[in-house]
Amino acid sequence: MPSLALDRSTVHYEDLGESRAGMPALVLLHGFPLDGRVWMSVADQLKSKTRVIVPDLPGFGRSSVSGSFSIESLADDVETLVARLRAGPFVLAGLSMGGYIALALGRKSGAMLRGLVLTNTKSGADDEAGKAKRNSMIEIVKARGTPAIVDLMLPNMLEPDAAKDKSDVVSQLKSIMLDCPQRTIEIALTAMRDRADYTELLVKLDIPVLVVHGTADAIMPESSARKMSEQTRNGSFVGIEHAGHLSTMEQPQAVADVITKFLEEIGATS
Ligand code: MLT
């Protein structure tokens, strides 16, 4: 897995496939407390179509960071990574926290950003109850470490029958979550608690937006994802059946198919 040294971080990333005329590259951003592996089954389906870059965000997976980070600083890091890899024009797909980062990057996007794929995510900021929950999770991770956060979150990450029907996905997801450093969890919870509300941005974005959502997502309701796509100028919504919050791991082929169609439409029009 190659890596690049940025200002305050070293970012490891997968760089698969190759740029094709008329097709933008694709950058896939993972959620919390996860790493690039949650996108790899989708990336494997897409790499024959275009160049696909899957970073471990600073502090996650194999990537390191010195000091703290915010959703905005992660967006800056992604922008720098894409520029250093000469991967533009590109489409950015973000899963959950990765979607917050994609929206933060969309806010200041240059001509190189051709589209957004918002996957199992939302545009709104945390309300007071949400912020209080983040604070309590920060206390939990400080006191009891990463395993306590895994115990708390894992039961809601996948569709309800996952333990019976997708035990391999459950164990892979659990091991990815357990690999997330305690300090990264603390910083990421703070970053998500303090993130901006990107709903206003949705209305202004003049690039195509695809909202992809597992219909059995217990963490983020499908109704708010549908609403998010309605709030965009150029948005469309696709529900992924038999998937919860981790649609990219639960139904990678279905997710890859909708992203391929989106890339082809953008490629054809750019
Ligand atoms: C994620 O999957 O990235 C998180 O559930 C996002 C969040 O906690 O807001």
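**Close-up views of a predicted model**

**Figure 1. Surroundings of V52 in strand β4 of the predicted model.** Beyond the neighbours within four places in sequence, V52 contacts E14, D15, L16, L26, L28, A43, L46 and K47. V52 belongs to β4, which spans residues 52-55. With a relative accessible area of 0%, V52 is buried, since buried means under 20%. A111, by comparison, is separated from V52 by 59 residues in sequence and by 19 Å in space, taken from C-alpha to C-alpha.

**Figure 2. Pairing of strand β2 with β1, β4 and β5.** Strand β2 covers residues 9-16 and pairs with β1, residues 3-5, in the antiparallel sense through three bridges. L4 has V11 of β2 as its bridge partner. The connection from β1 to β2 is a hairpin of three residues. β2 also pairs with β4, again antiparallel, and here the bridges number four. In this pairing D15 is opposite I53 of β4. Strand β5, residues 64-65, runs antiparallel to β2 and is joined to β2 by two bridges. S9 is placed opposite V65 of β5. D15 also appears in the surroundings of V52, as one of the residues in contact with V52.

**Figure 3. Strand β7 with its parallel partners β6 and β8.** β6 and β7 run parallel and are joined by six bridges. The bridge partner of V91 in β7 is G115. β7 is also parallel to β8, residues 209-214, with four bridges between β7 and β8. There, V117 has L210 of β8 as its bridge partner. Because six of its seven residues are buried, β7 is largely enclosed by the rest of the structure.

**Figure 4. L116 and the largest nonpolar core.** The core holds 96 residues, and those touching the most other members are W39, L92, M97, L116 and I259. In soluble globular proteins, nonpolar side chains tend to be buried together. Apart from neighbours within four places in sequence, the contacts of L116 are L92, A102, L103, L205, I207, P208, V209, L210 and F262. L92, one of these contacts, is itself among the residues that touch the most other core members.

**Figure 5. V258 in helix α12.** Helix α12 runs over residues 252-269 and includes V258. The relative accessibility of V258 is 18%, so V258 counts as buried, the limit being under 20%. Outside the range of four places in sequence, V258 contacts L210, V212, V238 and I240. L210 and V258 are 48 residues apart along the chain, with their C-alpha atoms 8.9 Å apart. L210 is also the β8 bridge partner of V117 and a contact of L116.

**Figure 6. Packing of helices α5 and α7.** Helix α5 comprises residues 146-157 and helix α7 residues 167-178; the two pack at an angle of about 145° with axes 10 Å apart. Their crossing is right-handed. From α5, the residues in the contact are T146, P147, V150, M153, L154 and M157, and from α7 they are V170, L173, K174, M177 and L178. Nine of the residues in this contact are nonpolar, one is polar and one is charged.

**Figure 7. Cis peptide bonds before P33 and P89.** The bond from F32 to P33 is cis, and its omega is near -10°. P33 is situated in the loop that runs between β3 (25-29) and α1 (40-46). A cis bond also links G88 to P89, with omega near -5°. P89 lies in the loop between α2 (71-84) and β6 (90-95).

**Figure 8. Positive phi at R86 and N120.** R86, which is not a glycine, has a positive phi near 50°. The loop between α2 and β6 contains R86, as well as P89. R86 is exposed at 72% relative accessibility, where exposed means over 50%. N120 is likewise not a glycine and has a positive phi of about 45°. The position of N120 is in the loop between β7 (113-119) and α4 (128-144). N120 has 0% relative accessibility and therefore counts as buried.

Terms used: Residues are numbered from 1 along each chain as its sequence is written. This is a predicted model: local features need pLDDT of at least 70, side-chain atom pairs count only at pLDDT 80 or more; totals for chains, interfaces and linings use all residues. Side-chain values use heavy atoms; hydrogens and water are left out. Axes are lines fitted to C-alpha atoms, for helices over the stretch in contact, and angles run from 0 to 180 degrees between N-to-C directions. A crossing is left-handed if the near helix is turned anticlockwise from the far one by less than a right angle, and right-handed if clockwise. Contact means heavy atoms within 4.5 Å. Ala, Val, Leu, Ile, Met, Phe, Trp, Tyr, Cys and Pro count as nonpolar, Asp, Glu, Lys and Arg as charged, and the others, Gly among them, as polar. A nonpolar core is a set of buried Ala, Val, Leu, Ile, Met, Phe, Trp, Tyr and Cys residues joined through side-chain atoms within 4.5 Å. Buried means under 20% relative accessible area, exposed over 50%, partly exposed in between (1.4 Å probe, protein chains only). Two strands pair if DSSP finds at least two bridges between them.
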